[in-house]
Structures are given as structure tokens and as C-alpha cells.
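Me: I have a model open in front of me and would like to check how its labels are earned. Could you take my questions as they come?

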Amino acid sequence: MELLIPAGNMNKLKSAVQYGANAVYLSGQNFGLREASDNFSLEQLREAVEYCHAHQVKSYITLNGFLHDEDILHVKDYVNFLNQIKADALIISDLGLISFISEFNLIPIHLSTQASCLNSSAGQFWKKHGVKRLILGRETSLAEASEIKRDTGLEVELFIHGSMCMSYSGNCTISNFTQGRDSNRGGCAQSCRFEYSFKEVNEKNNEDKFSLEKSKSYFMSSKDLNGIDLIPEYYNYKIDSVKVEGRMKSEFYAGLTAKAYREAIDLVGAGKTMEFNQRLPILNNYLNKYSHRSYTHASLLEKAQVDSIYDERESEVEGQHNYVGKSLGLYKDNYLMMSVKKKFTIGCLLEFHLFSGENVTTKVGEILDLDLERIEKPKPSSVVLIPLNDKIPNDVLISLVHGG
Amino acid sequence: MYRISLYLSSIDLIKDLASFEAAGIEIVPILSPREYSRQGNSSIKDVGQYLNFKGKKVIELDGLYTEDELHEICHWVKMVSHQDRIHFRVKDLGLLYFILKETNAYAEFLGETYNNSFAISTIAKFGERRITLIGLSNEYSYEMIEKVTSRVDKDIEYMGFGPNLIFYSPRKLLSPLGKVDNFSDDSTKTIDKGINLMGKSEESPHKGFMLHEGSLGTLMYHPKYLNNLNEIFQLIKFGIHSFKVDLRMIRAIDTLPLLENILKFFKKNQNETLENYPHFNGYLRKNKSNKIFHKLKNRVFEDFDLAGNKFIGKCIDVHNQKYILIESFNKDPICSLDIAQFLNPNGKVIKASLEVQECIHQSFDKDIYRIRFIKGVTPMSRVYFENLG
Ligand code: SF4
């Protein structure tokens, strides 16, 4: 079973790969639905694919916006370029794009979840149009996914972790009308996370017996998906690929999620179910270290119900760490060089998230710049030195332990 | 001859349509059974009565259906499809596929999320003569409409007047907010006619959104009706011959007078106003999101890349006016006197000659260089070597 992790930029991609992804999905500057993410220039795409292949990891390139005619006409050179750099698959939702590139594209096509493929009959339609893998809509249950796989003979990919759209994917255009930003071409303004107040619409001919108990609510905001405890079910139902959402999220998220799911998949894949059950609380701890809404299984077991709605403002969860930086290797043998993402101070407790196995924690005694001058509070987007005895590999993610 | 696909709030109103017959206009009342449609105006029990009316019969099943739901609907469709020349109006590609493969019925396809002529023409080809009409998304501009109608030899439909759907969720979001008395045993069930509310957010520039919850989930509409009635004859010139007029949210008592007003627009009498119904004119003349899309941040970066500049890496530190650290992904070393361009996150470009002080880190995928401070360069700026070609 493939573990597929999002890669919003080169740093996130490296974290995903180093922490255990079998495949990553990423996007060029256009056509990829995440216009606010950094994404990859053409040169970076080439490097990313080479980097993945050097680590036996597959790279899937998203072109999953619902495009307009003029966008599609620009796609030919881009797809030829992706052919040339040997991308492993294209993730596409637009039927027009699939049919337009069918004459010259050699890369397998994975149908994006944006196309809301929810049943095997739709799967047959897409199979006839050249699709090799279905990334099923998030409304699909595990049992239904397995039925779709059996009936279509196609590979199926199912989400297992991350934020959820409250709408059927591709069926929300709130941002288009409120902000002039096209959610289906990467411009979603997250209107579903807003708080709404309500007024009843009382029409004389409407005999509804509906009365409001709550006049304000975050009624459209979904909890986040977390299916790590269902990994044995993903195996039973023979799901080909488990997908993590979140190209816009940090490398900390990409790395920790990959690490948790890597271990879970390996344990269950090796038949070590008991060990998996024992490790589950620790793996869930990894998934609680970054900020997230409360977790839900959404529709994986049965149709998502009221308890899948996250009716509150985002707040800090227990056990959450702050991602403060990344190791850049040794400097002059005695110092760990660290790229800083968020402030921390002398005396705080840092956790180093090793690529596998148990993490290392240390209390910060001193922070220095490259001229070995002392710094009290390092700024984000800077590089500092920390004297350290443990040997920490390059690119290890570092977080601040709360209360530590 | 042009067609009006008419949605009424109740099937009982259909019998009154005879008095609206007019030369050159075909009024096709659409039946939306609430069991399988997003916003029902009837029940599957009403189908027999509906089939007795003369004229074209179109049953709308416009949900997206999971495997189990689709099995149930397909079973029902198979039973009903034996009726002569029945048309099913669908959105789900799986249901479309089933209708075309397993029945002899005709289909109308709602291409709500299809934004280009390539997609529409692929659907048209797939259905051949069994797909008789394709409905376009409300966000099409004239320019986009023309592209479709020039490529696709089918009846193409566009919104004439009605609520503009902007969000469709499979989850029932409204019933948890209140009590549904006639389902006191299970408050999560949706009552027969659905729930209608007005939702408003302080964080949104809009005054409110109409919300509807039915058996297939929750829908959100733009606060104003989308009104293209003044554009009808222009739309006809652009190849549109079918117009959607959706009055499902209009009270029964107001429906026929409003319909009468609307029909005047089709009869070239455009002096009518619809002032009781707040409305807006949509995207026909200017596609706002199209315009903004081309200005988004990544487009700026891409322009820079496409100009042939060579991406080297990023500034990971600009330290106290002393030094800058560049994380370089370039395979060749960075040397003093190399000329680089720094593209700051705000889009400003700084061109400067580099003075390398030290290479402080080397690994197989990146090097980190310490260079002398350059005024104006900010952290996270992208570093390029200029295109000299
Ligand atoms: S506003 Fe919410 S439901 Fe709509 S596209 Fe954005 S995330 Fe999805």
C-alpha cells in the first residue's frame, strides 16, 4: 500500500521523502489548485522528480483545476515537459484537459478527487477516457472504495488524513462570488470556516416545523480527517494508495504525518497487528503535535454525520508543539546549524524529530549567530547555531515542547 | 424556437401552465423528486401524475451519488425509463453512464463544474444523440459560451432567472441547528419540504446567503437571484436556445404572476422590472475570477521563470546588515562577482554582484553560502542568475 504525502514546495517534499512517503504529489506554478502555495518552478520540478527517483519515491504532478479554454491551450508544452522529466503520474480533474492531452501525453492519469468520482459507474466512464487510477471523492466509504476497485479494475486512492472541504469537491464557488477568487483554480478563501448567524425564512405556504435553537454557528466547517487507526481496514479493502491532504501545510506537518503513517503501514503490512495497536497512541501523538481541528473518520466507515462538523474556532490542542525550525547540519564541529521558522528562547525545550525511531529532546543553553555572537531570541527566517552533543542529521524537524 | 426549463415549487402548478403557451416558446416543467434531487419540488410518488401532462417529460436527478445511493437510484430509473421519450436530467457521470448503457432513455447533462468547451464536447461525443441538452455553469461569459456553441452541436442551456447555487454539501448541516417537530424522534432527519434559512457571516462581504437542506444535503445560494433576462436575445445570438428558469424558492401564490413577467422578456417586451426580487447579472460580460486568477502570486513567479532566468535557491537569512545566507540548489558553485537577481516576496527585484564569504554547508542536494549583505534583499527572496541568452 502506497503512502502518498503532499509536497507544497521543495522543503516539504524533502521532509515527506525523508520521513517515509512512497509517493508525493506536487504542482507547478499553474493549473494545480493551490495558488497560494509556493509550488515548483519548471527547474524545481525537474529537480524534485530527480530527487524522488533517487530515493525510489514516485512523483505525481497535479493539474487539477477546472480550467478555462485559454488555460488548456497553454498546457501542451507543460505536459511535454513533464513527459520529458519522467513524472510518474498526472493528477487531473478536468474532462476537457484529459481529452485534450490524450493525443500526446504518455504519463498515466490519476483522476483527481475534485472530479467527485463516487461510484463504479462513474469509474467506468473515466476508465473509458484513459484514467488509470481513481482518487475517490471523500464521501466514499472504505467498503465502497473496494467495490469500485473490483468493478472497474482500476487502482483506487483514498484520503486518510487532513482537512476536509465541506462541499463535494469542485462544487463550491463561494469564493468566486464573494471575493472573485476561483476555488476550482486554486483561489478558495475558506468561506466554510466562517461563523454564520441565521434567520428563518418563514413563508406562508411553507409548513415547516423547524425552529432554530442556535442562532450562530461554524456550521460549514468540517473536522479534519484522521484514519490512522483504520490502516488495517485499508489493507483489508485492498486500497492501493492512502493519501494525506495538505500541500499548503508546513513541512512539519508533512514530515510528522509521513512518519506516523509510515510506521503504521509497515507494522500492519508485516502482520504485526498487536504491535500496531500498542503503538497507536504514540503515532496519534505525532499527529497531535501540529495544529489541527478535532479529528473525525468522516465518511470512511459510514456517511459523515453531525459529529463530523467542527463547530468552533480553531484553538490549540493538547500536546501541540510549535514548529520552530530544521537542522542544517554541523557548523565547525561543535554546533548544530538551525534554520529558524518561529521564535524560541534560551532555556526552552526542543524536540528533534528523527526520521524514524524515538525523538531526542534538549534544553537550549545558548543561541549564536554565524560570528558566534550570542542571540537572545532568534528571528524567523534566519539561521542560528546551537551547541549540541547529540548528532542530529541534516533536515531533521525541530519543535518547541510546550511548557518545556 | 427556444425552450424554458421551468422549475416550480410544486407539481400542482404545472396544470396552470397551459395558459402560458406562446408561439416559439416551449415550456418544459422539470420534475425534481426530493428523494433523489437536491432541491425537490415533488416526490417519486408524483411521477405518474407528471407523466400524464402533455409535452416533454424531464425528471431531474441532480445529486452526486455514492455507490449505495446510485444502486437504489438506478433501480428506480430503470423502472421509470420505459416511459416513452423520457429525459433524465443528471449531473453525476455514473448515473449518466448507467442511463446511456442500461436504458433507452434520453439524458440532459448538467455541466455545472465544466469550465471549458473541450469538456462539454467530450460529453457530447460520449452521449451521441442520446444526450439532448447540456446545461452550462452560471459562470460562463459570452466568450466562453461562444466557444462551446461553436464546437458542440447540441442544445446548450444557460441560466435565465433563478437562484445561483454556490455550494453543495452532502452533509446535513442545518438540522443540527434546530428542532424538527414532525420528526421529533430523530432531529437529524430533514422534513418533507426541506429546511430554508438565511445565513450571514460577519467575515463575508455579502449580506446573507439562502440555505436549503433536503434529503441529499445542504445547498447555499447567492443572496440575489441570477438574472439574465435582459440578455436573452444576445444569448440566442451566441447559440443558446434553452434557458433555465428556477422558481422553486418562490411562494406558490407569487409564482404565476412572476412567470408572466418573466415571459414578457422572452416576448421582447423588456420594460418589465423584477424589483421585488433582488437580482444580479452574473459573469456574462466580465469574468471577475478569471481576471484575478491571472494576477495571483504564482503567476508572477512563473513569468520570472519563463523569462529564462535560472533559479538558484532562496535567501534563508539576512543578518543585521552583515551577511546573507543563500540556500543554493544549483549544481555549480556560486562565486564572487556572479550577478544575481533577488525576487523579494513582495515582487520587487534587486540585481547585485555577489561577494561570497564562505560556503558553510555542502550536501548532495544543497549548499549554503554566506555572502556579503546587499541592501534591499529580504529573507525568503528567490535567487536567480540572469538569462543571458
Ligand atoms: S470554502 Fe470550504 S468548502 Fe468551499 S472550496 Fe473552500 S475549503 Fe472547500
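Me: What makes B:Glu327 and B:Lys366 a salt bridge, and are they buried or exposed?

Reply: Happy to go through it, keeping in mind that this is a predicted model. The closest N and O atoms of B:Glu327 and B:Lys366 are 3.4 Å apart. The cut-off is a Lys or Arg side-chain nitrogen within 4 Å of a carboxyl oxygen of Asp or Glu, so the pair qualifies. B:Glu327 sits in strand β15 (residues 323-328) of chain B, and B:Lys366 in the loop between β18 (356-362) and β19 (367-372), 39 residues apart. Both B:Glu327 and B:Lys366 are buried.

Me: Which residue of chain A does B:Lys366 meet in a salt bridge?

Reply: That is A:Asp395, with an N to O distance of 2.9 Å. With the limit at 4 Å, this contact therefore counts too. Between chain B and chain A the count is 5 salt bridges, while a search of the whole structure gives 35 over all chains.

Me: How do you know that B:Arg89 and B:Glu157 form a salt bridge, and what does the pair tie together?

Reply: Their closest N and O atoms are 2.4 Å apart, and the cut-off is 4 Å, so the name applies. B:Arg89 lies in strand β4 (residues 86-90) of chain B and B:Glu157 in strand β7, so the pair ties together parts that are 68 residues apart in sequence. B:Arg89 and B:Glu157 are both buried. They also belong to a network of salt bridges whose members include B:Arg3, B:Glu60 and B:Asp246.

Me: Why do such side chains pair at all?

Reply: Opposite charges on side chains can pair when the charged atoms come close.

Me: Which residue forms a salt bridge with A:Arg133, and where in the chain are the two found?

Reply: The partner is A:Glu2, at 2.9 Å between the closest N and O atoms. A:Arg133 is in strand β6 (residues 131-135) of chain A and A:Glu2 in strand β1 (residues 2-6), 131 residues apart, so distant parts of the chain are linked. Both are buried.

Me: Why is B:Val152 called buried?

Reply: Its relative accessible area is 5%, and buried means under 20%, so B:Val152 earns the word. The residue is found in the loop between α5 (142-151) and β7 (155-169) of chain B. Beyond its neighbours within four places in sequence, B:Val152 is in contact with B:Ile120, B:Ser121 and B:Ala124.

Me: What makes β18 of chain A mostly covered, and which strand pairs with it?

Reply: Of its 6 residues (382-387), 5 are buried. Strand β15 (residues 335-340) of chain A pairs with β18(A) in the antiparallel sense over 6 bridges. Pairing needs at least two bridges, so this case passes. Within it, A:Met337 stands opposite A:Leu385.

Me: How do you know that a strand of chain A pairs with one of chain B?

Reply: Here 5 bridges join β8 (residues 196-200) of chain A to β9 (residues 195-201) of chain B, running antiparallel. With at least two required, the two strands count as paired, so the label holds across the chains. One of the bridges has A:Tyr196 and B:Ser201 as partners.

Me: How many residues take part in the contact, and how much area is buried?

Reply: Chain B gives 113 residues and chain A 108. They bury about 9800 Å² between them, 55% of it on carbon and sulfur atoms. In chain B, B:Glu67, B:Arg171 and B:Leu177 lose the most area to chain A.

Key
Residues numbered from 1 in each chain as written. Chains lettered and ligands numbered in written order. Predicted model: local features only at pLDDT ≥ 70, side-chain atom pairs only at ≥ 80, totals over all residues. Heavy atoms only, no water. Contact = heavy atoms within 4.5 Å. Buried area = accessible area lost by both parts, 1.4 Å probe. Helix = DSSP H or I, 4+ residues; strand = E, 2+ residues; numbered from the N terminus. Buried < 20%, exposed > 50% of the residue type's maximum accessible area, 1.4 Å probe, protein only.
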